[in-house]
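User: I am new to this structure and would love a close look at one part of it. Could you start from a single residue and then take me through its surroundings?

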Amino acid sequence: MLEDWKAAKGEYPAAFRNKPDLFPWLSWYLDAWEDLGDSRKYDQGYPLHIPVSEILSYCELLRIEWDDVRADLLYFCSKLDEVYCGYIGSKDEEKTEFIRETRERLSEASNGDS
C-alpha cells in the first residue's frame, strides 16, 4: 500500500516520513492504549477519554502492582487520548466548515438566479 502511494505521489506520506522513533519501552504503553480503546465511550458520535477505572482494571488483569507503572500508564493513556480526541474533533471542524461554505455557495447561487 505504501509503495502504491509512493508510486502515485512520488514520495511516502508525511506522517510516515516524519514519524518519531519509538523507544522499545514506550511501545508497551501504546499497545495498552490500543487494547483499552474498545472500552472508550462515545458522546454524540465523539470519542471520550478511556475511563480511569478501565485502565486500573487493565492493570489488575495483567497483575501490574507497581504504583509508578500504573501512574505512567494513566499518564500516557491520558496524553494519547488528548491527541486522538483532538484529531477526531479537528476532522469534524473541517467537515463542518466545508458544509458551511457549500451552503453559502448554494445560497448565493440560488439568490443570483432569482
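What does Arg63 count as, buried or exposed? Please go on from there to the helix before its loop and to the contacts that helix makes.

Analyst: Happy to. One thing to keep in mind throughout is that this is a predicted model.

Arg63 counts as exposed, because its relative accessibility is 67% and the cut-off for exposed is over 50%. This residue sits in the loop that links α4 to α5. Its backbone deserves a look too: phi of Arg63 is near 60°, a positive value, and the residue is not a glycine. For background, most residues other than glycine have a negative phi.

Before we step back into α4, here is the overall layout. The protein chain holds five helices and two strands, and from the N terminus on they follow the order α-α-α-β-β-α-α. Its C-alpha atoms fill a box of roughly 70 × 40 × 20 Å along the principal axes. The radius of gyration is 21 Å, whereas a compact globule of 114 residues would have one near 13 Å. Of those 114 residues, 17% count as buried. Among the contacts with a separation of 6 or more, 46% join residues that are 24 or more positions apart.

Now to α4 itself, the helix that spans residues 52-61. It packs with helix α3, residues 24-36, at an angle of about 120°, and the two axes are 11 Å apart. The crossing of α3 past α4 is right-handed. On the α3 side the contact is made by Trp28, Ala32, Asp35 and Leu36, and on the α4 side by Glu54, Ile55 and Tyr58. Sorted by character, the residues of this contact are five nonpolar, two charged and no polar.

Let us take two of the α4 residues in turn. Tyr58 touches Trp28, Ala32, Asp35, Leu36 and also Leu73, leaving aside residues up to four places away in sequence. Glu54, with residues up to four places away again left out, touches Leu36 and Ser39. Glu54 has a relative accessible area of 31%, so it is partly exposed. Between the C-alpha atoms of Glu54 and Arg40 the separation is 8.9 Å, although the two are 14 residues apart along the chain.

Ser39 takes us out of the helices, to the loop between α3 and β1. Here the relative accessible area is 18%, so Ser39 is buried, as the cut-off is under 20%. Besides Glu54, Ser39 touches Ile50 and Pro51, not counting residues up to four places away in sequence.

Pro51 belongs to another loop, the one between β2 and α4. Since its relative accessibility is 22%, Pro51 counts as partly exposed. From Pro51 to Gly37 the C-alpha distance is 10.0 Å, with their positions 14 residues apart in sequence.

What about the buried nonpolar residues in this part? The largest nonpolar core has 12 residues in all: Leu26, Tyr29, Ala32, Trp33, Leu36, Ile50, Ile55, Tyr58, Cys59, Ile64, Leu73 and Cys77. At least two of its residues come from each of α3, α4 and α5. The most come from α3, which gives five. As a general point, nonpolar side chains tend to be buried together in soluble globular proteins. Tyr58, one of these core residues, is also part of the contact of α3 with α4 described above.

Finally, past the loop of Arg63, we reach α5, which covers residues 67-113. Glu82 is found in this helix and is partly exposed, because its relative accessible area is 43%. The C-alpha atoms of Glu82 and His49 are separated by 7.7 Å, while the two residues are 33 apart along the chain.

To bring the walk together: we began at Arg63, exposed in the loop between α4 and α5. Going back into α4, we met Glu54, Ile55 and Tyr58 at the contact with α3. From Glu54 we moved on to Ser39, and from Ser39 to Pro51.

How values were computed:
Residues are numbered from 1 along each chain as its sequence is written. This is a predicted model: local features need pLDDT of at least 70, side-chain atom pairs count only at pLDDT 80 or more; totals for chains, interfaces and linings use all residues. Side-chain values use heavy atoms; hydrogens and water are left out. Helices (H or I, at least four residues) and strands (E, at least two) are DSSP runs, numbered from the N terminus. Buried means under 20% relative accessible area, exposed over 50%, partly exposed in between (1.4 Å probe, protein chains only). Contact means heavy atoms within 4.5 Å. Axes are lines fitted to C-alpha atoms, for helices over the stretch in contact, and angles run from 0 to 180 degrees between N-to-C directions. A crossing is left-handed if the near helix is turned anticlockwise from the far one by less than a right angle, and right-handed if clockwise. Ala, Val, Leu, Ile, Met, Phe, Trp, Tyr, Cys and Pro count as nonpolar, Asp, Glu, Lys and Arg as charged, and the others, Gly among them, as polar. A nonpolar core is a set of buried Ala, Val, Leu, Ile, Met, Phe, Trp, Tyr and Cys residues joined through side-chain atoms within 4.5 Å. The radius of gyration is taken over C-alpha atoms; the globule rule is 2.2 Å times the number of residues to the power 0.38.
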